[in-house]
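Subject: The structure I promised you

Hi,

Here is the structure we talked about, ready for you to open and turn around. Have a look at it first, then read on for what I found.

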Amino acid sequence: MPARFNAYVPDAAALVRLLDDETNYRIGRSPDCEVRVDHYSISRFHAELSGKGESWALRDTGSKNGLRVDGHLALRADFGKSTWFSMGDVYCWIELVDDAAAKRHVAERETRRATSRALSQQLMPKLGIRALIPQTLDVVLELAGLDRGFVLYSDGGEPLRVRASRGFAVDDISSKHFAGSASAVERAICEGKSVVCCDAADSPWLGAKPSVRLGGIRGLVCVPLRLSGESVGAIYADSRKPGPPVTELDLELIENVARHAAASFEAARLEADVADVVRSAADAGIRAPLWNEVRPRGD
């Protein structure tokens, strides 16, 4: 039967893959692996998952940091039910699903992508920068399933300012309790790359006992707003309560929104600048020239 494979990579978006049955999947850091898990504790070819009938088999393929199943080191394990295991420092969950659930998984991913495109298309420059920024934040929170956030934006080279927030007061952002998240924001802006953190302090194992689910994960994501290769701001979002981590699909959708939003912000700013020039000219009694009066003419 098919399976859904989840890898909770520290300080990265969670990886989710739908695996077809009767198929072998190499897992590791190498780009040649069918399931690539990019973390220093994972070997280039760490393990292999094979589906056959109603079960899946996991085997170590000569990894450096090994496998743990039910908290114990293992070279091989057979899964007839959904199970936690770990590769190096990465917690993994394999969930056996039937064909109907596999089809729903694929359909849900496509629905989310379509929803993301539709929401992004609503971020139009004609709304104006003051409406665009909070609307962008609302779109990100909806797509990621996170419950609070804010947008930093530098308008025309001005210093970064908090232009919109949800679930945050200014005092919350400036408090010492937000210091760790603030460093994630600064890293995203300085490096021009998204930052994702998942708190897995409540790990699936207590001693050698696996828990039923990975509890206590609180996710945060910070995506830079970039224009012409330069960071002009960032979108930050997080969740204060335990729940699903930020996945690779979440990050993909948020980054797409951020790219569209940055272009819309700049277009809205330029439109506002042009409107200001025209308005100033009108106030000064200067008539805006007609195109037919200024366009080049042939001899």
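How much space lies in the second largest pocket? It comes to about 390 Å³. Before you go further, keep in mind that this is a predicted model.

**The pocket**

Let's stay with that pocket for a moment. The second largest pocket has 15 residues in its lining, and those nearest its centre are Asp 11, Ala 12, Ala 13, Asp 38 and Leu 251. Sorted by kind, the lining holds 9 nonpolar residues, 1 polar and 5 charged. Two elements each supply at least two residues of this lining: strand E14 (195-199) and helix H5 (248-283). Of the elements, E14 gives the most, with 3 residues.

**The chain as a whole**

Now zoom out. The protein chain has 299 residues, and 44% of them count as buried. Its secondary structure adds up to 6 helices and 18 strands. If you take the contacts between residues at least 6 apart in sequence, 55% of them join residues at least 24 apart. As for the surface, the chain exposes about 16,200 Å², with carbon and sulfur atoms supplying 51% of that.

**Two helices**

Helix H1 covers residues 99-121, so to speak a run of 23 residues. From first C-alpha to last, H1 reaches 34 Å, close to the 33 Å expected at 1.5 Å a residue. Its buried residues are Ala 101, Ala 102, His 105, Arg 113, Ser 116, Leu 119 and Ser 120. Here is a handy bit of background for reading such a list: an α-helix has 3.6 residues a turn, so residues three or four places apart point the same way.

Helix H2 (residues 129-144) has 16 residues and spans 23 Å between its end C-alpha atoms, close to the expected 22 Å. Which residues of H2 are buried? They are Leu 132, Ile 133, Pro 134, Thr 136, Leu 137, Val 139, Val 140, Leu 141, Leu 143 and Ala 144. Just after H2 comes Gly 145, with a positive phi of about 70°.

Leu 137 of H2 also turns up in the surroundings of Ser 165, a residue of strand E13 (residues 161-166). Ser 165 and Leu 137 are 28 residues apart in sequence, but their C-alpha atoms are 7.6 Å apart in space. Beyond its neighbours within four places in sequence, Ser 165 is in contact with Leu 137, Gly 149 and Phe 150. Ser 165 counts as partly exposed, because its relative accessible area is 28%.

**Two residues of strand E5**

Strand E5 (residues 47-52) is where you will find Gly 51, and Glu 48 lies in E5 too. Is Glu 48 buried or exposed? Glu 48 has a relative accessible area of 15%, so it counts as buried. Leaving out residues up to four places away in sequence, Glu 48 touches Asn 24, Tyr 25, Arg 26, Ala 57, Leu 58, Arg 59 and Thr 61.

Gly 51 is buried as well, with 7% relative accessibility. Its contacts, apart from neighbours within four places in sequence, are Asp 21, Glu 22, Thr 23 and Trp 56. Try finding Pro 2 from there: it sits 49 residues from Gly 51 along the chain, yet 7.5 Å separates their C-alpha atoms.

**Some loops to look at**

Asp 70 is in the loop between strand E7 (67-69) and strand E8 (72-74). Asp 70 has a positive phi of about 55° although it is not a glycine, and with a relative accessible area of 38% it is partly exposed.

Ser 228, in the loop between strand E17 (218-227) and strand E18 (230-238), is also not a glycine and has a positive phi, near 55°. Why does Ser 228 count as exposed? Because its relative accessibility is 76%, and the cut-off for exposed is over 50%.

Finally, look at Gly 192, in the loop between helix H4 (179-191) and E14. Gly 192 is buried, at 17% relative accessibility. Not counting neighbours within four places in sequence, Gly 192 is in contact with Arg 187, Pro 224, Arg 226 and Ser 231. The C-alpha atoms of Gly 192 and Gly 233 are 9.7 Å apart, with their positions 41 residues apart along the chain.

Enjoy exploring!

Terms used
Residues numbered from 1 in each chain as written. Predicted model: local features only at pLDDT ≥ 70, side-chain atom pairs only at ≥ 80, totals over all residues. Heavy atoms only, no water. 1 Å grid on protein atoms, 1.4 Å probe; cavity = no way out; pocket = protein on both sides within 12 Å on 5 of 7 lines; lining within 4 Å. Points joined across faces, edges and corners; volume = space filled by probe spheres on them. Helix = DSSP H or I, 4+ residues; strand = E, 2+ residues; numbered from the N terminus. Nonpolar A, V, L, I, M, F, W, Y, C, P; charged D, E, K, R; others polar. Buried < 20%, exposed > 50% of the residue type's maximum accessible area, 1.4 Å probe, protein only. Contact = heavy atoms within 4.5 Å. Areas by Shrake-Rupley, 256 points an atom, 1.4 Å probe, with all protein chains shown as cover. Expected span 1.5 Å × (residues − 1).
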